[in-house]
Amino acid sequence: MKSPKNILPFAFIAPAILFLSALLIWPLVQAVILSLQDVRSVGTSGSWVGLANYRKLLTSPMFWDSAWLSLVWVLTNAVLQTLLALGAALALNQSFPGVRIARTWIVLTWIIPTVVVVMIWRWLFSTSGGIVIPVLMQTGVIDQPVGFFAQPNMAFATLVFINSWRWFPFITLMMLAGLTRIPRDLYEAARIDGAGAWKRFTRITWPLLAPTLGVLLVIGTLLSFNVFDIIWLLTAGGPAGGSRTLPVLIYETAFKSYRMSEAAAIAVMATLFLMAFAVIATRWLARPPEAR
Amino acid sequence: MMTYRKHYLLATIASATLLPFAAAAQTELTLWHMEQPPHRVERVQMLLDEFNASHPEIQVRQEPQNWGEVYAKAPAALAAGIGPDLLFAIPDFTPVLKDMGALSNISDFVAELDEAHDFIPSAVEAYSYDDGVWAVPLYNMSMNLWYRPSVLEAAGIAVPQTWDDWQAAAAALTGDGSYGMGLPANKQLYTDQTVYSVMVNGDAAEIYNADGTLRFDNPQTVEAYRFYNDMLQYSPPDAPSWTWGEAEACFASQACGMIMQFSVISTYETQAGGDADDLGVAPIPSQSGDEHNAIAYANAVMLLSRDEEKTEASKTFVRWLLQPENYGRFLNMEPGLFMPVTADGAEAESFWSDPIVEKYRSQIETVIDNSQNGMLFGFTSGRVFPAIGAISAQNVLAETLQTVAISGVDPAQAVADGQTRMQQLTE
């Protein structure tokens with residue numbers, strides 16, 4: 001039997017455990033329970049069907065198409081956002097007039113409400129009064145108007161651009177925090193040793209920024225994967241399913257096809273993918289740099 | 001000074017004591033509608049203020065929603081117990097909530113209103129099935145072809161009557177930054193409406209056989225999709241992401257020569273100069289030119305409250321709204337778009353005396369004429385197929401068009417796939 005002294009620490013953490021369980025674990029349990037039933041509309045009841053929803057899912061081309069699109073979505077956003085953020089962070093890490101203002105206002109795209117972002121870009125890309133198409137035509141990039149959301153690949157690429165435009169300031173700030181932690185004297189010593197800008201970047205900046213990038217990789221992947229609002233508001237997963245990522249498929253299945261249990265099964269599968277990724281990534285990050 | 005303070009204190013105490021009782025005596029109703037444009041919200045609010053002032057025992061407040069989300073939001077809100085007491089509907093939305101058990105049969109109430117105002121029969125029929133009536137019809141809408149007579153005259157073309165005329169007119173009006181025909185191809189309700197408006201003019205109105213089996217996959221439907229896809233070449237390249245607003249903006253800016261829309265009067269008046277003589281409206285061209293049809297249906301209001309007091313208050317509100325002196329002003333929240341579903345409403349001074357309605361009277365009369373041949377998928381030939389709700393919620397008509405127009409699938413195959421998809425959704 002445990003002594004009161006041994007129980008005391010558990011008593012202290014019990015409220016937090018209970019709170020987290022209620023907040024995180026209970027909804028997940030509910031989703032798993034729902035995925036094993038055949039509930040159609042929200043609020044209605046269903047009967048147990050075992051793993052039937054999962055079997056249906058695994059043989060559904062739509063599910064695998066969406067999973068593939070989600071993977072491409074995460075990768076393309078990660079690459080574009082990292083490049084944009086790295087460039088911006090390196091620029092903002094320099095000393096120049098107005099750098100403080102620039103550091104403050106770079107978050108502008110991130111703090112604008114999503115619906116405003118959507119309205120702005122819809123208008124900019126519109127053929128009726130939008131400014132992007134005339135500019136592209138006048139500069140000779142295109143010779144006739146194009147529909148940025150009219151073809152699946154084009155719509156997907158446009159969504160990646162808009163989402164990256166929205167999110168890169170957040171990554172920039174994280175990178176900037178990482179950059180400011182790199183001691184200045186390392187750069188001065190390298191400069192004295194004759195290292196050029198590229199060498200200083202590859203030998204000092206990049207290795208010392210890598211831990212920050214690793215953390216951002218995990219956070220960014222999870223955030224990107226779960227993006228729903230921008231996609232839904234701009235294309236609703238279209239055209240022809242060309243931007244139907246897993247979150248969009250979950251919403252469509254639950255609230256457009258009225259198949260709550262099938263949607264729950266997709267959500268559970270997506271959660272498993274993300275948990276597996278998070279576990280692998282955090283373990284990899286926890287290893288010492290030389291063992292990676 | 002002290003006297004004032006005492007009075008103030010007494011008044012405060014009295015208010016604090018009595019107000020809760022006053023509030024308890026008042027029945028509060030929440031109205032969800034999908035008429036989001038600010039001027040419509042403003043008109044609804046004006047009417048609600050009048051109603052609330054004349055019925056102090058009832059307080060109705062509006063919460064505007066949008067059609068894109070309400071199919072998802074309403075069932076979720078009702079399941080969570082925070083749904084509205086009154087919710088606007090189109091015929092294929094009602095079965096979704098009825099299947100949830102959220103609706104009660106209000107045939108007695110609709111009969112009472114019919115006795116008082118004389119509903120257009122087709123408006124009630126769309127909400128009458130499974131031995132009940134599930135919503136009160138409020139206003140009719142029908143799809144029309146809108147154009148500018150001066151633009152057609154300048155191009156030397158007449159108002160198209162047949163599909164061949166229509167395609168030739170669209171081709172003649174396309175070029176130099178202009179598009180002959182603004183057609184949507186988005187997977188959205190507007191595209192369902194325009195696609196079906198082409199289908200009904202190509203003898204493909206019936207999606208169901210009389211026995212309830214699907215007959216979407218037929219040569220007439222295939223031909224309608226083929227024609228629609230051909231017409232898309234005369235539409236702006238961003239049409240696959242259009243909803244109603246983009247089409248109206250295209251017409252108002254003169255980038256589109258013709259569009260299919262329920263009404264453009266409001267945007268034409270406010271954004272396109274408002275020359276009533278240069279706004280044309282015509283029936284949607286048909287394949288043969290003999291008979292013109294269009295998608296048309298009555299919007300309605302569903303009474304959702306389970307509370308007897310709230311249900312009675314909801315009925316009081318609907319009775320008040322359908323009174324001719326109020327009804328016309330309600331319809332004119334968007335002049336030229338919402339048409340009366342009652343006989344006394346069609347003659348109401350409050351409807352015809354609106355300045356915009358007076359200005360565009362000839363266009364509105366044409367719209368009313370066009371609506372006489374209106375049809376709605378799943379509600380044709382006097383039969384009602386409630387399973388259409390799931391098909392409509394997933395915009396399968398529009399989805400099938402995207403398969404043709406965007407994925408490049410042959411219309412025959414796309415329509416066959418569309419029927420399979422409909423079957424899956426209604427299983």
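Two strands pair if DSSP finds at least two bridges between them. I start from that because my first stop is a sheet, and pairing sets its strand order. I keep in mind that this is a predicted model.

**Entry 1: the sheet in chain B**

I looked up the strand order first. Chain B has an open sheet of 4 strands, ordered S8-S9-S7-S10, with mixed pairing. Which strands stand at the edges? I find S8 and S10 (280-282) of chain B there, each with a single partner strand, so one side of each has no neighbour in the sheet. I noted the twist as well: it averages 20° from one strand to the next.

Next I went through the pairings. S7 (residues 144-147) of chain B runs antiparallel to S9(B), joined by 4 bridges. S7(B) also runs antiparallel to S10(B), with 3 bridges between them. The parallel pairing is that of S8 (residues 179-182) of chain B with S9(B), through 3 bridges. A reminder to myself: strands of a sheet pair through backbone hydrogen bonds, either parallel or antiparallel.

**Entry 2: who faces whom**

I stepped along S7(B) residue by residue.

- B:Asn144 is opposite B:Gln261 in S9(B).
- B:Leu145 is opposite B:Ala282 in S10(B).
- B:Trp146 has B:Ile259 of S9(B) as its bridge partner.
- B:Tyr147 has B:Met258 of S9(B) as its bridge partner.

From the S8 side, B:Met181 also stands opposite B:Met258 in S9(B). I then checked which way the S7(B) residues point. B:Asn144 and B:Trp146 go one way, B:Leu145 and B:Tyr147 go the other way, and all are buried.

Is S9(B) mostly covered or hardly covered? I count 6 of its 6 residues (256-261) as buried, so by the 20-neighbour cut-off within 10 Å the strand is mostly covered.

**Entry 3: a loop alanine in chain B**

I stopped at B:Ala102, in the loop between helix H4 (94-99) and helix H5 (107-117) of chain B. Why is B:Ala102 classed as buried? I find 21 other C-beta atoms within 10 Å of B:Ala102, and the cut-off for buried is 20 or more. Leaving out residues up to four places away in sequence, B:Ala102 touches B:Leu78, B:Leu97 and B:Leu304. I also looked at B:Ala79: it is 23 residues from B:Ala102 in sequence, and their C-alpha atoms are 9.0 Å apart.

**Entry 4: H3 against H8 in chain A**

Over to chain A and its helix pairs. H3 (residues 61-92) and H8 (residues 152-180) of chain A pack at about 50°, with axes 7 Å apart. That angle makes H3(A) oblique to H8(A). The crossing of H3(A) with H8(A) is right-handed.

I listed the contact residues. H3(A) brings, among them, A:Trp73, A:Leu80, A:Leu84 and A:Ala88. H8(A) brings several, including A:Val160, A:Trp167, A:Phe168, A:Ile171 and A:Met175. How many of the contact residues are nonpolar, polar and charged? I get 15 nonpolar, 7 polar and no charged. Worth recalling here: an α-helix has 3.6 residues a turn, so residues three or four places apart point the same way.

**Entry 5: H12 against H13 in chain A**

H12 (residues 246-256) and H13 (residues 260-286) of chain A pack at about 160°, their axes 7 Å apart. H12(A) and H13(A) are therefore roughly antiparallel to each other, since angles over 145 degrees count that way. I note the crossing of H12(A) and H13(A) as left-handed.

On the H12(A) side I find A:Leu246, A:Leu249, A:Ile250, A:Thr253 and A:Ala254. They meet A:Met260, A:Glu262, A:Ala263, A:Ile266, A:Ala267 and A:Ala270 in H13(A). This contact of H12(A) with H13(A) divides into 9 nonpolar, 1 polar and 1 charged.

**Entry 6: H9 of chain A, and the chain contact**

I looked at H9 (residues 184-192) of chain A for cover. H9(A) is hardly covered: of its 9 residues, the buried count is 0. After H9(A) comes A:Gly194, with a positive phi near 90°.

Last, I checked where the chains meet. The contact takes 25 residues from chain A and 29 residues from chain B. On the chain A side that touches chain B, I sort the residues into 12 nonpolar, 12 polar and 1 charged.

Note on methods:
Residues numbered from 1 in each chain as written. Chains lettered and ligands numbered in written order. Predicted model: local features only at pLDDT ≥ 70, side-chain atom pairs only at ≥ 80, totals over all residues. Buried ≥ 20, exposed ≤ 12 C-beta atoms within 10 Å, placed from the backbone. Helix = DSSP H or I, 4+ residues; strand = E, 2+ residues; numbered from the N terminus. Axes fitted to C-alpha atoms, helices over the stretch in contact; angles between N-to-C directions. Parallel < 35°, antiparallel > 145°, perpendicular 65-115°, else oblique. Left-handed = near helix turned anticlockwise from the far one by under 90°. Contact = placed C-beta atoms within 7 Å. Nonpolar A, V, L, I, M, F, W, Y, C, P; charged D, E, K, R; others polar.
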